Amino acid sequence: MSLSEQTIQIVKATAPVLAEHGETITRHFYQQMFSQNPELLNIFNATNQKTGRQQAALANAVYAYAANIDNLGALTGAVQRIAHKHASFNILPEQYPIVGKHLLEGCSLNLITDS
Ligand code: HEM
């Protein structure tokens, strides 16, 4: 499925916001997701949560998609590594909508007041 020109423009417009606030969004994302879906706490590495490594990795990945929306081929290696990691953790298709819901809610944070 190809993206419409309008969707591409909207995604592009998010790149500067993600560059500046990506980790604020992903920190909020994990807090919300774990409070509403505590069963997922078991599959994430608690140390990577504490150090912020996980929040940074997700923020970087989402930013990379937005910044390369015209040239997604540039992400092939990164996407393959991420896919292998999720397959090795046995992440199930039905878990993706949970992540998608909380990620989009994180993006609707009022970042202007979050300085
Ligand atoms: C929109 C979909 C998703 C994206 C973009 C994404 C992105 C990422 C990235 C970038 C990493 C770090 C990879 C690395 O360290 O090299 C990661 C790790 C991980 N992801 Fe995802 N992910 C997604 C969906 C999910 C889902 C649905 C689950 C399960 C509920 C999940 C569970 C994990 C786990 C357990 C790790 C290992 C992190 C750790 O504990 O250190 N992810 N993900």
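"Contact" in these notes means heavy atoms within 4.5 Å.

This is a predicted model, so to speak about local features I need pLDDT of at least 70, side-chain atom pairs count only at pLDDT 80 or more, and totals for chains, interfaces and linings use all residues. Residues are numbered from 1 along each chain as its sequence is written, and side-chain values use heavy atoms, with hydrogens and water left out.

1. Glutamine 55. This residue lies in helix H3; helices here are DSSP runs (H or I, at least four residues), as strands are (E, at least two), numbered from the N terminus. Glutamine 55 counts as buried because its relative accessibility is 8%; buried means under 20% relative accessible area, exposed over 50%, and partly exposed in between, with a 1.4 Å probe and protein chains only. Leaving aside neighbours within four places in sequence, glutamine 55 is in contact with Glu23, Thr26, Arg27, Tyr30, Asn48 and Gln49.

2. H1 against H3. Helix H1 (residues 5-36) and helix H3 (residues 53-67) pack at an angle of about 160°, and their axes are 8 Å apart. The axes are lines fitted to C-alpha atoms, for helices over the stretch in contact, and the angles run from 0 to 180 degrees between N-to-C directions. H1 and H3 are therefore roughly antiparallel to each other; on this scale, under 35 degrees is roughly parallel, over 145 roughly antiparallel, 65 to 115 roughly perpendicular and the rest oblique. Their crossing is right-handed, meaning that the near helix is turned clockwise from the far one by less than a right angle (anticlockwise would be left-handed).

3. Who makes that contact. From H1, the residues include Val11, Ala15, Leu18, Gly22, Thr26 and Tyr30, and from H3 they include Gln55, Leu58, Val62, Tyr63 and Ala66. The residues of the contact of H1 with H3 divide into 13 nonpolar, 5 polar and 3 charged. For that split, Ala, Val, Leu, Ile, Met, Phe, Trp, Tyr, Cys and Pro count as nonpolar, Asp, Glu, Lys and Arg as charged, and the others, Gly among them, as polar.

4. Leucine 18 and alanine 64. Leucine 18 has its place in helix H1 and counts as buried, at 11% relative accessibility. Not counting neighbours within four places in sequence, leucine 18 is in contact with Ile25, Val62, Tyr63 and Ala66. Between the C-alpha atoms of leucine 18 and alanine 66 the separation is 8.3 Å, although they are 48 residues apart along the chain. Alanine 64, over in helix H3, is partly exposed, with a relative accessible area of 21%. Its C-alpha atom is separated by 8.4 Å from that of alanine 15, 49 residues apart along the chain.

5. Tyrosine 30. If you click on one residue of helix H1, try tyrosine 30. Tyrosine 30 is buried, with a relative accessible area of 4%. Setting aside residues up to four places away in sequence, tyrosine 30 touches Phe44, Gln49, Gln54, Gln55 and Leu58. Tyrosine 30 and histidine 102 are 72 residues apart in sequence and 7.9 Å apart in space, C-alpha to C-alpha.

6. Phenylalanine 44. You'll find phenylalanine 44 in the loop between H1 and helix H2 (46-51). With a relative accessible area of 24%, phenylalanine 44 is partly exposed. Residues up to four places away aside, phenylalanine 44 touches Tyr30, Met33, Phe34, Gln49 and Gln54. From phenylalanine 44 to threonine 24, 20 residues apart along the chain, the C-alpha atoms are separated by 19 Å.

7. The two histidines. Histidine 86 sits in helix H4 (residues 76-88). The only protein donor of the iron atom of the ligand is His86 (NE2), at 2.0 Å. Donors here are N, O and S atoms within 2.8 Å of the metal (3.2 Å for Na, K and Ca), and water is not among the atoms, so sites may look incomplete. Histidine 102 is in helix H5 (residues 96-107) and counts as buried, at 2% relative accessibility. Beyond its neighbours within four places in sequence, histidine 102 is in contact with Phe29, Gln32, Met33, Gln36 and Asn37.

8. Asparagine 90. One backbone oddity to look at: asparagine 90 has a positive phi of about 65° although it is not a glycine. Most residues other than glycine have a negative phi. Asparagine 90 is found in the loop between H4 and H5 and is exposed, with a relative accessible area of 57%.
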